[in-house]
Amino acid sequence: MSGKPVLHYANTRGRMESVRWLLAAAGVEFEERFLETKEDLQKLRADGSLLFQQVPMVEIDGMKLVQTRAILNYIAGKYNLYGKDLKERALIDMYVEGMADLYDIIMNHDFKPANEKEKDLANIMDKATNRYLPVFEKVLKDHGHDFLVGNKLSKADVSLLENILWLEELKPDALAKFPLLQSFKARMSNMPNIKKFLQPGSAKKPLIQEKDIPNVMAIFH
Ligand code: IBG
């Protein structure tokens with residue numbers, strides 16, 4: 001074994017992209033085994049690798065971890081991206097769970113039928129602009145630090161950047177009303193590990209293309 005974490009998922013963002021982001025931000029190299037067909041998923045199930053018969057699954061430190069949040073929490077704990085004490089951890093958890101709610105609606109957008117897309121996008125942008133982004137703009141304004149919690153990079157910052165960039169892919173001026181989030185984005189995007197992840201050829205997955213949606217659906221449904 002190479003010692004690198006091995007990620008098992010389809011070759012798409014979906015629920016694995018946050019794991020790719022967090023490992024990349026921590027500067028951890030990883031390998032990926034892409035599920036191409038439903039049979040690939042069945043094989044993992046048959047050999048007992050999937051606790052709940054689902055992916056994402058990550059092989060790391062001799063474990064086969066499932067459940068996206070559990071995976072992210074393990075990586076964050078291991079690489080010191082999870083606060084210095086329980087109170088910082090609680091703040092990080094609140095911020096990340098808020099963003100996970102936003103992320104869920106963003107992630108599901110690709111799979112909406114064509115006649116619902118416009119309305120769905122309007123709902124995403126309404127929630128982002130009026131519920132989620134103002135929270136993080138205010139956090140940064142109130143404490144004046146570069147990072148959301150403890151003046152130090154945490155999984156909350158990584159999650160915020162991931163959400164921001166995906167929102168901007170859907171609507172380029174998504175940050176228009178949030179000057180501090182604009183500078184947060186610029187700062188974070190320049191951190192060496194993240195900068196590398198944002199470059200072409202990295203493990204970061206592109207927006208799913210319409211033509212690939214049936215393949216992904218066929219694996220999981
Ligand atoms: N709570 C679990 C987690 O967070 O890990 C949910 C995992 C999950 O839903 N996995 C799906 C799966 O394995 C793949 S993600 N499905 C097979 C099954 O039998 O349940 C699918 C997905 C995509 C994009 I792609 C958006 C949302 C979900």
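**Entry 1: ligand contacts.** I began with Gln67, where a polar side-chain atom lies 2.7 Å from a nitrogen atom of the ligand. I note at the outset that the model is predicted. I then looked up Val55 and found one of its polar backbone atoms 2.7 Å from a nitrogen atom of the ligand. For Gln54 the contact runs through the side chain, with an N or O atom 2.9 Å from an oxygen atom of the ligand. I listed the surroundings of the ligand as 13 residues, of which Arg45, Gln54, Val55, Gln67 and Thr68 come nearest.

**Entry 2: backbone beside these contacts.** I checked the peptide bond between Val55 and Pro56 and recorded it as cis, with omega at about 10°. Pro56 belongs to the loop between α2 and β3 (57-60). I found Gln53 in the loop between α2 and β3 as well. The phi of Gln53 is near 65°, which is positive although the residue is not glycine. I marked both entries for attention because most residues other than glycine have a negative phi and most peptide bonds are trans.

**Entry 3: the largest pocket.** I looked up the volume of the largest pocket and obtained about 980 Å³. Its lining comprises 40 residues, and those closest to the centre are Gly14, Arg15, Pro56, Thr68 and Met107. I noted that Thr68 is also among the residues that come nearest to the ligand, and that Pro56 is the residue joined to Val55 by the cis bond.

By residue class, I recorded 20 nonpolar, 12 polar and 8 charged residues in this lining. I then asked which helix gives the most to the lining. The answer is α4, with 9 residues. The helices that each supply at least two lining residues are α1 (17-25), α2 (38-46), α3 (68-78), α4 (86-109), α6 (155-170) and α9 (213-220). I also checked the lining by domain: at least three residues come from domain 1 (6-79 + 198-220), and at least three from domain 2 (86-189).

**Entry 4: annotated spans.** I consulted UniProt, where an unreviewed entry places "domain: GST N-terminal" at residues 3-83. Over that span I recorded 36% helix and 22% strand, with the end C-alpha atoms 26 Å apart. UniProt also lists "domain: GST C-terminal", again from an unreviewed entry, at residues 85-207. For residues 85-207 I recorded 68% helix and 0% strand, and the end C-alpha atoms lie 36 Å apart.

Conventions:
Residues are numbered from 1 along each chain as its sequence is written. This is a predicted model: local features need pLDDT of at least 70, side-chain atom pairs count only at pLDDT 80 or more; totals for chains, interfaces and linings use all residues. Side-chain values use heavy atoms; hydrogens and water are left out. On a 1 Å grid over the protein atoms alone, a cavity is a set of points where a 1.4 Å probe fits but cannot get out, and a pocket is an open set with protein on both sides within 12 Å along at least five of seven lines; lining residues have an atom within 4 Å of a point. Grid points are joined across faces, edges and corners, and a volume is the space filled by probe spheres set on the points. Helices (H or I, at least four residues) and strands (E, at least two) are DSSP runs, numbered from the N terminus. Ala, Val, Leu, Ile, Met, Phe, Trp, Tyr, Cys and Pro count as nonpolar, Asp, Glu, Lys and Arg as charged, and the others, Gly among them, as polar. Domain bounds come from an automatic or database domain assignment. UniProt positions are given in the numbering used here, feature names are shortened, and annotations may be inferred rather than shown by experiment. A residue is near a molecule or strand if one of its heavy atoms lies within 4 Å of it. A polar contact is a pair of N or O atoms within 3.5 Å; within protein, one must be able to donate a hydrogen and the other to accept it, and residues adjacent in sequence count only if both atoms are side-chain atoms.
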